[in-house]
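Hi,

Here's the structure I promised to pass on. Have a look at it first, and then read on for what turned up.

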Amino acid sequence: MLSIIDGHNDTLTRVFGEDGGGIDAFVHGQGEGHLDLPKAATGGFSAGFFAIYIRSLVKNPKNEPPRGDDGSWTFTPPSIEHDWALSETTRLLGCLDELLAAAPDKIRLCIDIDDVQASVDGHHLGIILHIEGCEMISPDLRELSGLYSRGLRSLGPVWSRSNAFGTGIRFGWPSSNDIGPGLTDAGKELIVACNDLGIMVDLSHLNRAGLMDVAAISTKPLVATHCGCHALCESARNLDDEQLRIIASTDGVIGCNFFTGDLRGDGRFEPDMPLTRMAEHIEHIVEVCGIKHVALGSDFDGATMCDELGDASGLPKLIDLLRDRGWSEHDLTGLAHGNWMRVLDATWG
Ligand code: ZN
């Protein structure tokens, strides 16, 4: 079974949120949710970017938002306060410490490329700590080095809401991501600081102007950890071919998102989407960027998955489908973990 590095999940938020089940649910599995230790083992999920994502005090809609007559919809999540974000971040980091202490032989925090390699080699499940939306970081970046010390190795300046660093693209279909201004001065300083510290910068959820600013400033490979292709589904979150090429031109990588709403093409969220649709997005990235620039970015525990895949235990179904479509073992290995390894080595080293 191929070892998979996955670009994004919201599992910490689910497991340590209301009714999430906590450490026991993650270590022993619970049936609910997309990712836990048993499901990871079944699916070959060896390491992933585990996000600290701060929920708004106003709940996001669980189902699809209201639509226009033509099926179009938009949803703009409310912004959140620094103090709330920081207190939640502190709580989640404490939960993560407890999780790591509960199963030290099975789960490891990955702080360098050797840790990730050991995960790929099957020694433990690797947690790469990621922040999705930097509201817990002050504009003077005073919290950043402390977060790095706690293991932070990846961040997205914004989620789908604006903050002190930039403009998060609000959700919507059909929509481009060319909405709003680029990074603020603090956002530009954040990118430089991440380059200096060795923290990967994630373009997911950023609007077009912000993406172009990161491309102009960053000296590291560009990365979108969980995005689909706008050419196949006109979701605001998806990247158009020009943006895909910009990422590839820096030797970067795009983790193809699994969220049905970003893949189907009709803007709906339902899970009755064939697995072949995932293959079509992955193969579009290959067509536009080349095989070295595609990876997986599931959004497990943060989005609707297609029924055919289900959860992390279903990952081999996707690999088998691609093999059936003519993918070589060399190319499958690049998709599964090789491309992530190259980019992480270049970014953290
Ligand atoms: Zn996301």
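The lining of the largest cavity splits into four nonpolar, three polar and two charged residues. In that count, Ala, Val, Leu, Ile, Met, Phe, Trp, Tyr, Cys and Pro are nonpolar, Asp, Glu, Lys and Arg are charged, and the others, Gly among them, are polar. The residues in question are Trp73, Phe171, Gly172, Ser235, Arg237, Phe259, Gly261, Asp262 and Phe269. Strand E7 (171-173) and helix H10 (260-263) are the elements that give two or more residues to this lining. Helices (H or I, at least four residues) and strands (E, at least two) are DSSP runs, numbered from the N terminus.

Before going further: this is a predicted model, where local features need pLDDT of at least 70 and side-chain atom pairs count only at pLDDT 80 or more, while totals for chains, interfaces and linings use all residues. Residues are numbered from 1 along each chain as its sequence is written, and side-chain values use heavy atoms, with hydrogens and water left out.

Back to the holes. A cavity, on a 1 Å grid over the protein atoms alone, is a set of points where a 1.4 Å probe fits but cannot get out; a pocket is an open set with protein on both sides within 12 Å along at least five of seven lines, and lining residues have an atom within 4 Å of a point. Points are joined across faces, edges and corners, and a volume is the space filled by probe spheres set on them. There are three cavities of 30 Å³ or more, and the largest has a volume of about 50 Å³. The second largest cavity also comes out at about 50 Å³, with Met200, Lys220 and Thr347 among its lining residues.

As for pockets, the second largest has a volume of about 240 Å³. Its lining has 15 residues, and Ala41, Phe45, Gly122, His124 and Leu125 lie nearest the centre. Helix H3 (37-43) and strand E2 (45-53) each supply at least two of the lining residues, with H3 giving the most, three.

Now the metal. Which residues coordinate the zinc ion? They are Glu132 (OE), His205 (NE2) and His226 (NE2), at 2.0 to 2.1 Å. Donors here are N, O and S atoms within 2.8 Å of the metal (3.2 Å for Na, K and Ca); water is not among the atoms, so sites may look incomplete. Along the chain, the spacing is E-x72-H-x20-H. Glu132 sits in strand E5 (residues 125-132) and His205 in the loop between strand E8 (200-201) and helix H8 (208-217), 73 residues apart. Both Glu132 and His205 are buried, meaning under 20% relative accessible area (exposed is over 50%, partly exposed in between; 1.4 Å probe, protein chains only).

E5 is worth following further. Eight of its eight residues are buried: Leu125, Ile127, Leu129 and Ile131 point one way, and Gly126, Ile128, His130 and Glu132 the other. E5 runs parallel to E2, joined by seven bridges, and also pairs in the parallel sense with strand E4 (residues 107-109) over three. Two strands pair if DSSP finds at least two bridges between them. Ile127 is the bridge partner of Gly48 and also of Leu109.

Finally, there are zero disulfides, a disulfide being a pair of cysteine sulfur atoms within 2.5 Å. Why is Cys289 not bonded to Cys229? Their sulfurs are 7.9 Å apart, too far for a bond.

Cheers
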